[in-house]
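Biologist: Could you walk me through this model, and tell me where each term comes from?

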Amino acid sequence: MGSAGSADRYLPDTVQQAVKILVVGDFGVGKTTMIGAVSEIEPLRTEETMTQASVGVDDLAGLDGKTTTTVAMDFGRITLSPYTALYLFGTPGQRRFWDLWAGLGEGAVGALVLVDTRRIEGSFEVLDQLELRGDLPFAVAVNHFPDSTRHSPQALREALDLEPGTPIVNCDARSRSSSVDALIALVKHALATQKGPS
Amino acid sequence: MSGEYHDSAVRPYVLTQGRARPTRNTVGLDTLLVVADAGKPLPPSATRQARDLLRMFGRLLSLAEAAAHLRLPLSVAGILASDLVDSGHLIARSRIPEAGRPDLTTLQEVLNGLRRLS
C-alpha cells in the first residue's frame, strides 16, 4: 500500500460530478505514463472481469464456450474545479477487449488514442472500431519515443487514414503539459461534436 | 506472491450472492459515493468486503478508487456499493446519464479546468 496518508486520497466534499476520458492504446504505448504525468494521485490499478463468448479457442475454453479474462486498468484523477473531477482510464485497444468499452464509454467525454509511430499498425483496428461506433468522440495523440522518427501530422493522418475532422496531435506522454495539451485537443473536439455542424 | 492479482479463497461472486450485475445500473466506475449516515450500522450478516467498502467511503471517492484501494474487482465493488446505496448507507452523487454525453456546460468546464493546468 502507498505510504501517502489516506487523507490525501479523498476528493474535496464540494465535488458534485465526475467525468471520464478513456486513454486507449496497445500495451507499452504510454497510457500509464501519460496518466501518471497528469494525475494528482498515484495511478491506481483496478481489475475488471470480462466474460465473453470464445471465438476460435473452444478447445481450451471449457464446456460453456465462454472464457473469462481479467483486464487490469490503470487510472488517475484530476480535480478540475471545486465541482468537477476528471478520471482518466487506461483502456487496452486490442480487439479482445472491446466488450469492455461498451460500459467504459458510457457518459465519457471521449477517447484519446495513443499511437506509437514505430508500431503504427497496432492502431489501425482501434481507430476503425472508434469510427465504426461513431458514438465516442476521439482524438489521436502520437507519443514520441526517443528513438521514433518524427513524421508530419499530415503524413500520419494519411498513414492512419483518419477522417478529416479527427484531431491529431504530437505529444510526449512523460510531460504533464504536453499530455494536458493532448487532452485539451480531445475536449475541444468533443465540444465541437456536441455542438454539431454549423 | 508478486502477481498483480491477489487471489482469495472466496470466489468473487460468493460475496455478491451469485449476482454479476448491480441491482441498479446507476453505479459505475466513475460514480462518486460517500457515506450517508456515519452512525447507521450494517446488519450483522454484512460481509467484510461490504464493511470495508462502507469505511472507504467515509469521505467522497469514486467507485474505481475504492475498488483499487480494497483490491476488489470493479464489478464486485459495484454490486456491493449498489446494495449499500439501496440500503441507505451510501449516497451516490450525480452521474452522467447512461449512454449520454456530458452536456456543453460540463465539457466547457472540463476544457477550462485543463487550460488552467497547461
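Modeller: Gladly! Two strands pair if DSSP finds at least two bridges between them; helices (H or I, at least four residues) and strands (E, at least two) are DSSP runs, numbered from the N terminus. This is a predicted model, where local features need pLDDT of at least 70, side-chain atom pairs count only at pLDDT 80 or more, and totals for chains, interfaces and linings use all residues. Residues are numbered from 1 along each chain as its sequence is written, while chains are lettered from A and ligands numbered from 1 in the order in which they are written.

Biologist: What makes β1(B) and β3(B) a pair?

Modeller: Strand β1(B) joins β3 (residues 90-92) through 3 bridges, in the antiparallel sense, and pairing asks for at least two. In one of them, Val34(B) has Ile91(B) of β3(B) as its partner.

Biologist: Which strand does β1(B) join by 2 bridges?

Modeller: That is β2 (residues 61-62) of chain B, again antiparallel to β1 (residues 32-35). Here Leu32(B) sits opposite Ser62(B).

Biologist: Why is α2(B) called roughly perpendicular to α4(B)?

Modeller: The helices α2 (residues 48-56) and α4 (residues 74-86) of chain B pack at about 75°, their axes 10 Å apart. Angles of 65 to 115 degrees count as roughly perpendicular, so α2(B) earns that name against α4(B).

Biologist: What classes of residue make up the contact of α2(B) with α4(B)?

Modeller: There are 7 nonpolar, 1 polar and no charged residues. Nonpolar covers Ala, Val, Leu, Ile, Met, Phe, Trp, Tyr, Cys and Pro; charged covers Asp, Glu, Lys and Arg; the others, Gly among them, are polar.

How values were computed
Axes are lines fitted to C-alpha atoms, for helices over the stretch in contact, and angles run from 0 to 180 degrees between N-to-C directions. Angles under 35 degrees count as roughly parallel, over 145 as roughly antiparallel, 65 to 115 as roughly perpendicular and the rest as oblique.
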